[in-house]
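Subject: The structure you asked about

Hi there,

Here is the structure for you to open on your side. Once you have it on screen, read on for a short tour of what turned up.

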Amino acid sequence: MFDQIKNCTKALICVCCDARRSRTPRRAARAAAPGPGGLTEGAATLSPPVRRPLRRRALVPLAVLPLLALTACGGPSGGDDGDGRAAKCEKSEGKVRLSFWSWVPGIEKAVDEWNRQNPRIQVKVKSTPAGNAGTYQNMANALKAGNAPDLGQMEYDSLANFRLKDGLRDISRCPGVKAAEAEFVDWTWSQVTFGADGEDGVWALPQDTGPMGLFYRKDLFKKYDIPVPETWAQYYEAAKKLKKAGPGSYITHFSQTDPNWLTGLMWQNGSQMFRRQGDKWKVSVDSPGNRKVTDYWQKMIDEKLVATDLQGFSPALYKAWNDGEVATWVGAAWGYSTIRDNAKKTAGKWAVAPMPQWSKGEQKAGNWGGSTTAVLAGSKHPYEASQFAWWLNTDPEALAILNREGGLYPAAKKGLELPALQKPVDFYGDQKIFGTFARASRNVDTDWTWGPTMTDTYRSMGDGIADALGGKGTLGGALKQTNRKTVESLRNQSLEVAK
């Protein structure tokens, strides 16, 4: 596969780049096609609104070059299995059964509602561990064995790896998919498409996002007379005061198993890990902006202000929350249910504030996580799969279920208007916490670019973080190591790297 890429990618890249630079804006208005939800049989219908051009499209489509190279040079073509109807995304005959893998808690309730409304298209959902906890590897194995599910939950930063492996179906030909762009937050659509206006393919539909904020124990802050920090300098002072007032207490935990959390902190700082320079990738994991973030947290680690023996999403962390040993979590919107469901003894004691800022008065936010619903290569029923994916991520009833049961913060614009997101939340002392996350979502830097080998990048970063927490290295050293190994990974995939 990669020999093919090596032989023809460079020439193809030049052609694509030249075409992109010379293309003039499309001025002709196009009527919006009915969305897949409008084709759902026996269900209430939703019609996508007329598309509006995105104002910012800087998020770079990932791994397009290897896949285009494979197609142009006669290699695999995005999961085309020779079934003409599937390749054209035409409606299958008779009853259809779809398989779907997801780790969203309670998602089976949304699937049940779909199945009730759609007797012809039945979906069987399999509950799985989180993506990097085994599901992605299982998906990769299933793709090789030819028995992958029709649909799978996939985080934005992992789409590139599966595209590079030719593991996803292009659903842009499925009726209404391209027109559904206007349904989603702009930057999320940029991450599931190739080319301007998705002209080179649509490879998933956005599900949720993860704008970040500060979860904090308001009772502990009041007890120790600690003001809610507005800057990272104030957060550091709060950590020192908490440690002095409550021995054995920490401002937060630093997990070695969540490198994408650290990435969200770097995102807030306006830094980058990847950039495109013509036909090459520029790797900037070890940049001054990212070093500023890791130097700050290294200082917190060195002064023992953060817990370094608690892994994210672990029973030990939940116990520390319940016992008041960890007082804050810089987390994503979806994390509200993580605390609610696993620290029940602390109901009414938490509140949410904006992320601390590097400069007072700023309102910047990072993003941690967020997922898509992808149609995997080999699916015989992309038409029906795209219908389900569109319904799951835009239907008000489905969105309400996913928010209530799984804590998802929707990527669909209509989802941000859910009644549940406008109401006070009992667990958080009747605070309207989602207003904080809505403001954060508007302040996430949309210029962020994911690289095409994020699995390797995260693996290296996780190893470096583990060394730093174990006293065998530093977070700055982790960035340096990750930068070097990411360059190696890109070159191993026959992708050119800018110096």
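A good place to start is strand β3 (residues 151–155), which pairs with strand β13 (residues 371–375) in the antiparallel sense over 5 bridges. To find the pairing on screen, look for Leu 151, which stands opposite Val 375 in β13. Please keep in mind throughout that this is a predicted model.

**The sheet around β3 and β13**

These two strands belong to an open sheet of 5 strands, in the order β2-β1-β3-β13-β4, with mixed pairing. At its edges stand β2 (121–127) and β4 (205–206); each has a single partner strand, so one side of each is left without a neighbour in the sheet. As general background, strands of a sheet pair through backbone hydrogen bonds, either parallel or antiparallel.

Two helices are worth picking out here. Helix α4 (residues 107–117) packs on the sheet and touches β1 (96–102) and β2. The direction of α4 makes about 170° with that of β2. Helix α14 also packs on the sheet, and its contacts take in β1, β2, β3, β4 and β13. Its direction makes about 165° with that of β13.

**More on α14**

Helix α14 covers residues 382–394. Is it buried or exposed? Of its 13 residues, 13 are buried, so α14 is largely enclosed by the rest of the structure. Its length works out as well: at 1.5 Å a residue, the 13 residues should span 18 Å, and the end C-alpha atoms are 18 Å apart, which agrees.

**Strand β6 and its two partners**

Next, have a look at strand β6 (residues 212–217), which is mostly covered, with 6 of its 6 residues buried. Met 212, Leu 214 and Tyr 216 point one way from β6, while Gly 213, Phe 215 and Arg 217 point the other way, and all are buried.

Which strands does β6 join? It runs antiparallel to strand β11 (residues 328–332), with 5 bridges between them, and Tyr 216 stands opposite Thr 328 in β11. β6 also runs antiparallel to strand β12 (residues 350–354), again through 5 bridges. In that pairing Arg 217 stands opposite Trp 350 in β12.

**A helix pair**

Two packed helices are described by the angle between their axes and the distance between the axes. For helix α10 (residues 259–268) and helix α11 (residues 288–302), the axes come within 9 Å and cross at roughly 120°. That angle makes α10 oblique to α11, and the crossing is right-handed. If you would like to see the side chains at this meeting point, show Trp 261, Leu 262, Leu 265 and Met 266 in α10, which meet Asn 290, Val 293, Thr 294 and Trp 297 in α11.

**A buried glycine**

Gly 451 lies in the loop between α16 (433–442) and α17 (454–469). Despite its place in a loop, Gly 451 is buried, with a relative accessible area of 0%. Its C-alpha atom is separated by 7.9 Å from that of Asp 157, although the two residues are 294 residues apart along the chain.

**The chain as a whole**

Stepping back, the chain has 18 helices and 14 strands. Of its 499 residues, 57% count as buried. Among contacts with a separation of 6 or more, residues 24 or more positions apart account for 79%.

Happy to go through any of this with you.

Best wishes

Terms used:
Residues are numbered from 1 along each chain as its sequence is written. This is a predicted model: local features need pLDDT of at least 70, side-chain atom pairs count only at pLDDT 80 or more; totals for chains, interfaces and linings use all residues. Side-chain values use heavy atoms; hydrogens and water are left out. Helices (H or I, at least four residues) and strands (E, at least two) are DSSP runs, numbered from the N terminus. The expected span of a helix is 1.5 Å times one less than its number of residues. Buried means under 20% relative accessible area, exposed over 50%, partly exposed in between (1.4 Å probe, protein chains only). Two strands pair if DSSP finds at least two bridges between them. Contact means heavy atoms within 4.5 Å. Axes are lines fitted to C-alpha atoms, for helices over the stretch in contact, and angles run from 0 to 180 degrees between N-to-C directions. Angles under 35 degrees count as roughly parallel, over 145 as roughly antiparallel, 65 to 115 as roughly perpendicular and the rest as oblique. A crossing is left-handed if the near helix is turned anticlockwise from the far one by less than a right angle, and right-handed if clockwise.
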